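Got your viewer open? Let's take a walk through this model, one selection at a time.

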Amino acid sequence: MNKLLLFLAFSLIFFNAGAQNRFFTKDAKINFNSSTPLEDIIAESNQATTFIDIDKNEVVFSVLTTSFKFRRALMEEHFNENYMESPKFPKAKFSGKIISPIDWKSEKQVVVDVKGELTMHGVTKEMTIKAQITPGKVKIIASSELKITPEMFNIPIPSAVRDKIAKEVTIKIDAVYAPYQQ
Amino acid sequence: MTKRKFFRILLWVFVFGIVIAVAAVYYVFNKPRRNIARETAAYALEAKQLISDFKKDETVATAKYLDQTISVTGEIKNIRTLDNHSMVFSLEDQMEGVSCTVDSADVVSNLSKLSGYTAGSVAKFKGRCSGMLMDIQLINCVPE
């Protein structure tokens with residue numbers, strides 16, 4: 001029985017891979033900005049991994065929190081140790097479904113809504129995010145912008161620095177996907 | 001006279017203290033980045049070993065390797081240059097291997113070594129482990 005299930009699972013994987021319906025990149029760019037007039041807080045990572053399944057209209061996005069680079073080494077340290085608690089929660093992840101109509105055969109840019117769950121700092125929140133997607137046969141270009149607050153994800157900001165960090169953090173995402181062949 | 005002398009000493013101690021405090025705050029605030037090239041690796045191992053450690057138990061491996069300077073040796077399967085001119089070398093497997101990112105400044109200073117690498121060459125990179133997504137990521141890498 002177990003062998004049969006395993007066989008089914010494997011054949012499904014192979015079937016999917018053959019159908020060329022998944023696109024991926026491991027070098028997606030995520031940056032966020034929580035600057036205030038008192039302090040510029042900008043960080044960027046080029047190491048996000050993301051997949052799009054164009055049959056199921058599903059998107060998965062994940063990034064390691066320690067891969068974010070800040071202008072100051074001290075900010076990086078505070079971000080990882082005090083705010084994100086990276087050793088405990090090393091990843092941030094979004095997985096969702098494109099709920100607006102999208103024609104993967106056209107090569108025109110469209111704006112879509114992606115509904116899904118964003119998990120970071122051990123907290124999962126349901127969100128609907130707007131994204132620009134340009135479909136294509138050899139590559140798919142996608143970008144998005146979303147706003148979150150540290151409080152949504154139980155990230156405490158000490159009152160001593162509360163004025164230096166923006167109430168709302170803007171996260172920008174840029175990804176160029178290539179077909180996934182395995 | 002002795003009273004005046006006492007206050008003069010006190011004033012100097014005070015001024016000196018302030019200078020040290022300001023210097024300390026300035027240093028901490030502008031703390032230099034870790035220089036991976038100058039650090040000795042906490043772990044030196046084969047890329048295959050690192051991959052199997054993470055596949056066996058991700059939580060244990062993350063606790064052990066996260067933020068540590070690691071030196072890995074493995075076969076290059078894929079080389080990419082990113083928009084920001086940093087380079088990524090995937091060892092052992094493009095999707096589920098070890099990805100070593102060399103920052104643009106380190107690409108420039110190690111250009112002769114890096115340009116000699118092609119898919120198939122065996123290389124050694126030292127970098128800081130930031131954990132595992134599909135692959136294990138080492139950042140701020142330098143070739144060794």
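## Stop one: the two domains of chain B

Taken over C-alpha atoms, the centres of domain 1 and domain 2 of chain B are 46 Å apart. To see them, select residues 1-31 of chain B for domain 1 and 36-143 for domain 2; such bounds come from an automatic or database domain assignment.

A quick note before we move on: this is a predicted model, where local features need pLDDT of at least 70 and side-chain atom pairs count only at pLDDT 80 or more, while totals for chains, interfaces and linings use all residues. Residues are numbered from 1 along each chain as its sequence is written, and chains are lettered from A and ligands numbered from 1 in the order in which they are written.

## Stop two: strand β5 of chain B

Now select residues 122-132 of chain B, which make up strand β5. (Strands are DSSP runs of E, at least two residues long, and helices are runs of H or I with at least four; both are numbered from the N terminus.) Why is β5(B) largely enclosed by the rest of the structure? Because nine of its 11 residues are buried, meaning that 20 or more other C-beta atoms, placed from the backbone, lie within 10 Å of a residue's own.

Next, add residues 69-81 of chain B, and you have strand β2, which runs antiparallel to β5(B) with seven bridges between them. (Two strands pair if DSSP finds at least two bridges between them.) Click on B:Thr69: its bridge partner in β5(B) is B:Arg128.

Then add residues 136-143 of chain B, strand β6, which pairs with β5(B) in the antiparallel sense over six bridges. Here B:Cys129 has B:Leu138 of β6(B) as its bridge partner. Follow the chain from β5(B) to β6(B) and you'll pass through a hairpin of three residues.

## Stop three: chain A

Hide chain B and colour chain A by secondary structure: you should find two helices and nine strands. Along the sequence they go α-β-β-β-β-α-β-β-β-β-β. Of the 182 residues in chain A, 29% count as buried.

## Stop four: where the chains meet

Bring chain B back. How many residues of chain A are in contact with chain B? There are 16, and they touch 24 residues of chain B; contact here means C-beta atoms, placed from the backbone, within 7 Å. On the chain A side, select β1 (22-33), β2 (42-53), β3 (58-64) and α2 (73-83), each of which supplies at least two residues. The largest share, three residues, comes from β2(A).

Key. Buried ≥ 20, exposed ≤ 12 C-beta atoms within 10 Å, placed from the backbone. Contact = placed C-beta atoms within 7 Å.
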